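Hi everyone, thanks for coming. I'd like to walk you through a structure that may be new to you, so let's put it on the screen.

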Amino acid sequence: MRKMKLFVAVAAVALLAVSAVSCGGGKGTTPSDITTSLLKALKAGDADKITNVWFDNSVIEPGKEKESKEMIKAFAEKALSEHTKKGGLKDFSVVGEEIAEDGNSAEVKFHLIFGDGSEEDESNNFKKIDGAWKFDNDK
């Protein structure tokens with residue numbers, strides 16, 4: 001009976017680990033995956049999801065979590081407001097991901113198509129911190 005409880009406990013931990021990675025957490029997430037999550041939230045017009053994706057994939061100074069999240073939320077709301085003026089984000093595509101030779105920085109290029117027919121090409125920069133990709137907010 002004890003072995004069965006141990007097996008169930010180990011299986012539960014393994015399931016949680018797989019769930020965390022597949023839901024966008026963990027060190028296996030690529031810069032393109034993070035960008036796609038952000039763009040899906042923008043397309044859905046979900047300021048909270050945009051904020052969470054950006055916050056969860058940024059380097060946040062200890063003690064500044066609340067302030068940082070509020071700043072990111074304000075940015076998300078402004079981006080959504082700008083997109084609304086263009087008829088909302090109708091579609092997007094990730095065009096390319098370039099990882100630097102040293103493997104510690106990356107750029108993801110993407111294409112946006114708005115409801116009014118206008119289009120934009122943009123990019124996100126990333127840096128690898130402790131094995132995980134994070135938005136490079138300094139660029």
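Let me start with one pair of residues: glutamate 97 has valine 108, in strand β2, as its bridge partner. That pair belongs to a wider arrangement, in which β1, residues 89–99, and β2, residues 105–114, run antiparallel and pair over 9 bridges. Between these two strands the hairpin has 5 residues, and glycine 103 there takes a positive phi near 75°.

Before we go further, please keep in mind that this is a predicted model. Across the chain the mean pLDDT is 84, with 79% of the residues at 70 or more. The stretch to be careful with is residues 1–26, where pLDDT is below 50. Beyond near neighbours in sequence, that stretch has 3 contacts in the model. As a rule, predicted coordinates should not be read in detail where pLDDT is low.

Back to the strands. Which strand does β2 join through another 9 bridges? That's β3, residues 119–129, and the two run antiparallel. If you want a pair to look for here, find leucine 112, which stands opposite glutamate 120 in β3. The hairpin of β2 and β3 has 4 residues between the strands, and in its turn glycine 117 has a positive phi of about 95°.

Now let's stop at that loop between β2 and β3, where we find aspartate 116. Is aspartate 116 buried, exposed or partly exposed? Its relative accessible area is 48%, so aspartate 116 counts as partly exposed, since the exposed class takes values over 50%. The side chain of aspartate 116 makes a polar contact of 2.6 Å with the side chain of serine 118. What does aspartate 116 touch once we leave aside neighbours within four places in sequence? The answer is Lys85, Lys86 and Gly87. Take lysine 85: it is 31 residues from aspartate 116 in sequence, yet their C-alpha atoms are 8.7 Å apart in space.

Last stop, the largest pocket. It holds about 500 Å³ of space, and 22 residues line it. Nearest its centre you'll see Trp54, Phe75, Phe110, Glu122 and Asn124. Where does the lining come from? Helices α2 (31–44), α3 (47–56) and α4 (65–85) each supply at least two residues, and so do β2 and β3. So the strands we began with come back here: β2, which pairs with β1, and β3, which pairs with β2, both help line this pocket.

That's my tour; I'm happy to take questions.

Note on methods: Residues are numbered from 1 along each chain as its sequence is written. This is a predicted model: local features need pLDDT of at least 70, side-chain atom pairs count only at pLDDT 80 or more; totals for chains, interfaces and linings use all residues. Side-chain values use heavy atoms; hydrogens and water are left out. pLDDT is the predictor's confidence in each residue, from 0 to 100. Contact means heavy atoms within 4.5 Å. Two strands pair if DSSP finds at least two bridges between them. Buried means under 20% relative accessible area, exposed over 50%, partly exposed in between (1.4 Å probe, protein chains only). A polar contact is a pair of N or O atoms within 3.5 Å; within protein, one must be able to donate a hydrogen and the other to accept it, and residues adjacent in sequence count only if both atoms are side-chain atoms. On a 1 Å grid over the protein atoms alone, a cavity is a set of points where a 1.4 Å probe fits but cannot get out, and a pocket is an open set with protein on both sides within 12 Å along at least five of seven lines; lining residues have an atom within 4 Å of a point. Grid points are joined across faces, edges and corners, and a volume is the space filled by probe spheres set on the points.
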